[in-house]
Amino acid sequence: MSDVTVPDAELLIAPGCPHCPAVLAALSDLVKRGQIGALNIINLAAHPAAAADRGARGAPWIRIGPFELVGAHSPKELETWVSRAASPSGRLTYLSEQLSAGELDAVIALCRRDPAMRQPLIDLAADLETPFAVRIGVGAVFEELGPDGLLTDLIDAITEHLAKHPEAQVRADGAHFLGLTGSPIALPLLQQLRDDGNAEVREIAAESIEMIASLSN
């Protein structure tokens, strides 16, 4: 197996944690089988700051490639996440499951730390089969990231995948997200969307233009 497709993993454990030994054993087995390249184990009793550094809210806390998991996970579940770490669709699955489970804060924190996790959010928004709760979650993540300038590098992707989408619902989301970027670079397309054939798209585009203008003053 190529090193490129083998993720590394990290595990935070704590004394008295009922699930930590089983997760440690399962991850260690995946290392032995060559499905995980390296496993970094941190005992929170010795290094308590490690939890805050990683935004961990409990133990066991697991990172497999880009994915962060908390709590008990069976060997089969962990192996599944290992395989997803090497798959382009794995990030989509992870983000969708996390948002479906109400793990909004965890997704926001992850997207702040890892820019590569932001593009899949656009792919979720562009897919009309994405569950409504997940779509709402994507918007909530962008609303948190936008004021910190973390959406600017996504303007082109938002434009191509959302703002030019044939479905008005997706174009409306694109217009909203372009406004959240706060960037004047988004204004030319928003001016076009203000003349869109759909009333909701036109309204949101106008609001986004006003939003960007207010930030420029």
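**A disulfide, a cis peptide bond and the overall fold**

Cysteine 20 is buried, since its relative accessible area is 4% and a residue counts as buried when that value is under 20%. The structure described here is a predicted model, and cysteine 20 is joined in it to cysteine 17 through a disulfide, in which the two sulfur atoms are 2.4 Å apart. Cysteine 17 has a relative accessible area of 12% and is therefore buried as well. The torsion about the S-S bond between cysteine 17 and cysteine 20 is about 90°, and for this reason the disulfide is described as right-handed. The structure holds 1 disulfide. Another cysteine, cysteine 111, has a relative accessible area of 0% and is likewise classed as buried.

A residue of helix H1 gives a contrasting case. Alanine 22 belongs to helix H1, which is made up of residues 20-32, and with a relative accessibility of 53% alanine 22 counts as exposed, because the term exposed applies to values over 50%. Alanine 22 can also be placed relative to isoleucine 158, from which it is separated by 136 residues in the sequence and, measuring from C-alpha to C-alpha, by 42 Å in space.

The backbone between alanine 59 and proline 60 also deserves a description. Most peptide bonds are trans. The bond that joins alanine 59 and proline 60, however, is a cis peptide bond, with an omega of about -5°. Proline 60 is located in a loop, which has helix H2 (49-54) on one side and strand S3 (61-64) on the other.

Turning to the protein as a whole, the secondary structure consists of 11 helices and 4 strands, and the C-alpha trace extends over about 60 × 35 × 30 Å when it is taken along its principal axes. The protein has 217 residues, of which 44% count as buried. Among the contacts with a separation of 6 or more, 62% are accounted for by residues that lie 24 or more positions apart in the protein.

The surface and the charges complete the description. The protein exposes an area of about 10600 Å², and 53% of this area is supplied by carbon and sulfur atoms. As for the charged side chains, 16 are positive and 29 are negative, while the centres of these two sets are found 5 Å apart.

Key
Residues are numbered from 1 along each chain as its sequence is written. This is a predicted model: local features need pLDDT of at least 70, side-chain atom pairs count only at pLDDT 80 or more; totals for chains, interfaces and linings use all residues. Side-chain values use heavy atoms; hydrogens and water are left out. Helices (H or I, at least four residues) and strands (E, at least two) are DSSP runs, numbered from the N terminus. Buried means under 20% relative accessible area, exposed over 50%, partly exposed in between (1.4 Å probe, protein chains only). A disulfide is a pair of cysteine sulfur atoms within 2.5 Å. Contact means heavy atoms within 4.5 Å. Accessible areas come from the Shrake-Rupley method with a 1.4 Å probe; for residues, only the protein chains shown count as cover. Lys and Arg count as positive and Asp and Glu as negative; His and the chain ends are not counted. The place of a charge is taken as NZ of Lys, CZ of Arg, CG of Asp or CD of Glu.
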